[in-house]
Amino acid sequence: MIKRAAAPPNELQDFYNNALFYAAQAHNGQLYAGLPYVIHVCMVADEVLAADRKRPFQNIKDAVSIALLHDVLEDTPVTKEEMLRRFEPAVVFGVDLLTKKEGLPLPDYLNGIKSGGSDISAVKMCDRIINLQKPPAHWGADKIEEYYDESVLILEILGESHDYVSKRLDMKIDLYEEMFMKK
Ligand code: NI
């Protein structure tokens with residue numbers, strides 16, 4: 001029989017794995033670019049970890065957990081109440097702020113994230129850094145431009161939360177424009 005650890009998660013790796021297991025179960029069966037969806041959240045979490053080495057987050061354990069869980073409320077049937085049984089209220093609060101609400105205009109959504117503090121704001125920018133990849137084949141020029149404009153707004157509203165992350169997002173936005181918009 002496999003014994004469970006007696007102590008609650010303590011080190012950053014424990015928090016990472018705890019959140020990753022939860023996200024992997026919640027997103028089970030969903031895909032990201034044809035691969036298991038958790039690939040996406042791991043990439044966002046790794047972006048957060050790399051940024052933390054350049055300029056420390058206020059609470060990196062929470063920030064990494066939020067990064068790994070950031071799409072659970074938006075894209076799976078899991079509820080806030082269920083998450084609160086497993087995670088700190090600050091983590092669930094962060095995930096909830098990152099969850100797009102039906103009918104909420106983008107600036108309001110982003111200002112809500114900003115109100116949650118610099119860590120949550122930086123996680124949102126990390127998510128966009130990862131998502132600024134080659135657009136799906138079915139996207140037209142309008143959709144690509146809309147995604148570009150959205151990304152610029154994310155940088156505008158959340159940029160001051162983390163200088164290293166904002167520089168990286170700025171660079172990714174330029175690259176996106178260069179590669180997929182200029183003809
Ligand atoms: Ni995401």
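Colleague: Which helix is Asp-119 found in?
Modeller: Bear in mind that this is a predicted model, where local features need pLDDT of at least 70, side-chain atom pairs count only at pLDDT 80 or more, and totals for chains, interfaces and linings use all residues. Residues are numbered from 1 along each chain as its sequence is written, and side-chain values use heavy atoms, leaving out hydrogens and water. Helices are DSSP runs (H or I, at least four residues; strands are E, at least two), numbered from the N terminus. Asp-119 sits in the run covering residues 118–131, helix α8.

Colleague: How far is Asp-119 from the nearest side chain of opposite charge?
Modeller: Asp-119 is buried, meaning under 20% relative accessible area (exposed is over 50%, partly exposed in between; 1.4 Å probe, protein chains only). Lys and Arg count as positive and Asp and Glu as negative, with His and the chain ends not counted. Asp-119 has no salt bridge, a term for a side-chain nitrogen of Lys or Arg within 4 Å of a carboxyl oxygen of Asp or Glu. The nearest candidate is Arg-55, at 6.2 Å.

Colleague: Which residue has its backbone nitrogen 3.0 Å from the side chain of Asp-119?
Modeller: Asp-119 is buried without a salt bridge. A polar atom of its side chain does lie 3.0 Å from a backbone nitrogen, that of Gln-58.

Colleague: In which helix does the salt-bridge partner of Lys-124 lie?
Modeller: Lys-124 meets Asp-127 in a salt bridge, 3.9 Å from N to O. Lys-124 is buried at 5% relative accessible area, and Asp-127 counts as buried at 9%. The two residues are three apart, about one turn of the helix, and both lie in helix α8.

Colleague: How far apart in sequence are the parts tied together by Glu-150 and Arg-128?
Modeller: Glu-150 and Arg-128 form a salt bridge whose closest N and O atoms are 2.8 Å apart. Glu-150 belongs to helix α9 and Arg-128 to helix α8, so the pair ties together parts separated in sequence by 22 residues.

Colleague: Is Asp-96 buried or exposed?
Modeller: Asp-96 pairs with Lys-80 in a salt bridge, with 3.2 Å between the closest N and O atoms. Lys-80 lies in helix α5 (residues 80–84) and Asp-96 in helix α6 (residues 89–98), so the pair links parts 16 residues apart in sequence. Lys-80 is partly exposed at 35% relative accessibility. Asp-96, at 19%, counts as buried.

Colleague: Which residue joins Lys-80 and Asp-96 in one network?
Modeller: A search of the whole structure turns up seven salt bridges. Among the residues taking part, Lys-80 and Asp-96 are joined through shared partners into one network with Lys-101.

Colleague: What is the relative accessibility of Asp-142?
Modeller: Asp-142 is in helix α9 (residues 141–158). On the surface it gathers with Glu-145, Glu-146 and Asp-149 in a patch of negative charge. Asp-142 counts as exposed, because its relative accessibility is 65%.

Colleague: How far apart are the C-alpha atoms of Glu-160 and Asn-28?
Modeller: Glu-160 is in the loop between α9 and α10 (163–180), and it is exposed at 68% relative accessible area. Glu-160 and Asn-28 are 132 residues apart along the chain, and their C-alpha atoms are separated by 35 Å.

Colleague: What is phi of Ala-33 near?
Modeller: Ala-33 lies in the loop between β1 (31–32) and β2 (35–36), and it counts as exposed at 73% relative accessibility. Its phi is positive in a residue other than glycine, near 50°.

Definitions and conventions. Patch = residues over 30% accessible without salt bridge, like charges linked within 9 Å, V, L, I, M, F, W, Y side chains within 5 Å. Areas by Shrake-Rupley, 256 points an atom, 1.4 Å probe, with all protein chains shown as cover. Charge placed at Lys NZ, Arg CZ, Asp CG, Glu CD. Polar contact = N/O pair within 3.5 Å; in protein donor to acceptor, adjacent residues only side chain to side chain.
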